[in-house]
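Visitor: I should like a close look at a single part of this protein. Please take one helix and describe how it is built and how it packs.

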Amino acid sequence: MAHSRPPSAPDTPGTQAGVIGIALGGVLAAVLAQGSWQWFSTYIGATLLALIACFYRLPSRTPGSGAAYLRNLTAYSMVVGLCVAITLAPALQRWSWLFPMPGTRAACPKLGVYASEQAAAALSATPGHSPTALAAAQRAQAHDAVADCLSSTTTRWLPAYAAAVAVLVGIAAWSFDRARARREPPVA
């Protein structure tokens, strides 16, 4: 006797909302984290995108479902946009070619120089400091200042990246749904 798998549970509004809620909660947790964007946020974002891709299906637009369809499409697009932004945040912070906002990163190296000078001034007042300790403290302070500046700048611009992705995802999903509707015969 062949064993058959039980049919999978149908997508219900409750499960759909649950998946979106989980994704949004994860994104908010990552966004509200303190400090520099670390590569783990890429993993979090990619995991949330995988959850959305595996467990969330936009309902097909049917006659009379226009407003509900657009609300669902908007929510879906915005959550995907946030997940993509969280996924890209560490790369945006580190690679200027991926984050070409003119003038936004220019002040960060200057803050690093200032922090280095502050560390030198603080340690030079300490009797018996070594030149090696001074150089290490200057490097550490400069690195932290530049990383914090880049993180802050990246965080300020993430909504723009998230909104752009949300618009692209929304247009793509709407276009695919319209193309699918054209291919299917009309329901009598």
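Guide: A crossing of two helices is called left-handed if the near helix is turned anticlockwise from the far one by less than a right angle, and right-handed if clockwise. Helices (H or I, at least four residues) and strands (E, at least two) are DSSP runs, numbered from the N terminus. This is a predicted model, in which local features need pLDDT of at least 70, side-chain atom pairs count only at pLDDT 80 or more, and totals for chains, interfaces and linings use all residues. Residues are numbered from 1 along each chain as its sequence is written, and side-chain values use heavy atoms, with hydrogens and water left out.

The protein has five helices and zero strands. The part chosen here is helix 3, residues 66-94. Its 29 residues should span 42 Å at 1.5 Å a residue (1.5 Å times one less than the number of residues), and the end C-alpha atoms of helix 3 are indeed 42 Å apart. Helix 3 nevertheless has a kink of about 45° at Leu88, shortly before Pro90; the bend is the angle between axes fitted to the seven residues ending there and the seven starting there.

The axis of helix 3 comes within 6 Å of that of helix 5 (residues 131-183), and the two cross at roughly 145°. Such axes are lines fitted to C-alpha atoms, for helices over the stretch in contact, with angles from 0 to 180 degrees between N-to-C directions. The crossing of helix 3 and helix 5 is right-handed.

Cys83 counts as buried because its relative accessibility is 0%, where buried means under 20% relative accessible area, exposed over 50%, and partly exposed in between (1.4 Å probe, protein chains only).
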